Amino acid sequence: MSGTLYIVATPIGNLEDITLRALRVLREADLIACEDTRHTRKLLSHYNISKPVISYHEHNERQRSEELIAKLEAGANIALVSDAGTPLVSDPGFTVVSNAIARGIHVVPIPGPSALAAALTASGLPCDEFMFIGFLPSKQSARRAKLAKLAGIKATLIFYEAPHRVKTTIADVLEALGDRPAVLARELTKIHEEFLRGSLSEIAGALAERPARGEYVLLIGPESEGIADTVDSTTISEEVDRIMREEGLDRKSALKQAARSRGISKSEAYRMLIDEKTEE
Ligand code: SAM
């Protein structure tokens, strides 16, 4: 009897974002295949899980896939994880999953976090039809060709982007698709989580004044639809100042109110305030 290959989603930042089922599967698996063993060991040790791990990443995917299939055929249950979120979503895993299916091995998803779903559902852009693009090609000509193909699509488009390329990507998307409603989601589930909402040109303008840091998802609404908000990139200290000024509250009560409006705890809001001050 072959074992089962579990595709296990793990947190994209906040370690609390892991399901009970994911933890059980990781505890019960014979082997955990991960992109970066050191990274995954940190997650496992946070949850007191001690299991053999093996690397599975874009550079050894083909060879490792054969080894994993042999172990599965010998009866091992294997959990596949990536560094963050759902494996195979802009992450390694396709080779072993497709080979396992071709060999009649049971493949079971253990759903959980993914930056694309987190960004889309809180974006305010239409969610009924969306298209996940992931990373655009790094070569400018290939990026432009890809963007040209997306111009006529009437759905919310979702891109992943690295911080050092996010400004260029926004400029390229603006040129290819026009000044559409957009959302830039940054550092989802982490202390500096932020949503910049507005038109693409407004978001480009807001970004021009600061360094791009952290992890980003860019969402582009379909033409002439979506939200009309202007960019909302208020920092917590600006919000606290505004509440003190407009509502006559002291700093402590204003911080409490700002925390409530962001759906975070008072201590988390305080930590953000301190981080903002040290970043200045
Ligand atoms: N498998 C992951 C998932 O399910 O979302 C995606 C992995 S991909 C290699 C990494 C990219 O996902 C980042 O460059 C960024 O675009 C996006 N991403 C991952 N975590 C994020 C986060 N906490 N906030 C915003 N974007 C994130």
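Q: In this predicted model, which residue places a backbone N or O atom 2.9 Å from a nitrogen atom of the ligand?
A: The cut-off for a polar contact is 3.5 Å between N or O atoms. At 2.9 Å, this backbone atom and the ligand nitrogen fall within it. The residue is Ile12.

Q: How much of the ligand's accessible area does the protein cover?
A: On its own, the ligand has 570 Å² of accessible area. The share covered by the protein is 91%.

Q: Which residue has a polar backbone atom 2.8 Å from an oxygen atom of the ligand?
A: Ligand oxygen also meets the backbone at Thr86, where an N or O atom lies 2.9 Å away. The 2.8 Å pair belongs to another residue, one listed among the closest to the ligand. That residue is Ala115.

Q: Which pocket holds the ligand, and which elements give two or more residues to its shell?
A: The ligand sits in the second largest pocket. Two or more shell residues come from each of β7 (156–161) and β10 (216–220).

Q: How many residues of the shell around the ligand are charged?
A: In total, 18 residues surround the ligand. Of these, 9 are nonpolar and 4 are polar. The charged residues number 5.

Definitions and conventions:
Residues numbered from 1 in each chain as written. Predicted model: local features only at pLDDT ≥ 70, side-chain atom pairs only at ≥ 80, totals over all residues. Heavy atoms only, no water. Near = heavy atom within 4 Å. Polar contact = N/O pair within 3.5 Å; in protein donor to acceptor, adjacent residues only side chain to side chain. Areas by Shrake-Rupley, 256 points an atom, 1.4 Å probe, with all protein chains shown as cover. 1 Å grid on protein atoms, 1.4 Å probe; cavity = no way out; pocket = protein on both sides within 12 Å on 5 of 7 lines; lining within 4 Å. Sits in = over half its atoms within 2 Å of the grid points. Helix = DSSP H or I, 4+ residues; strand = E, 2+ residues; numbered from the N terminus. Nonpolar A, V, L, I, M, F, W, Y, C, P; charged D, E, K, R; others polar.
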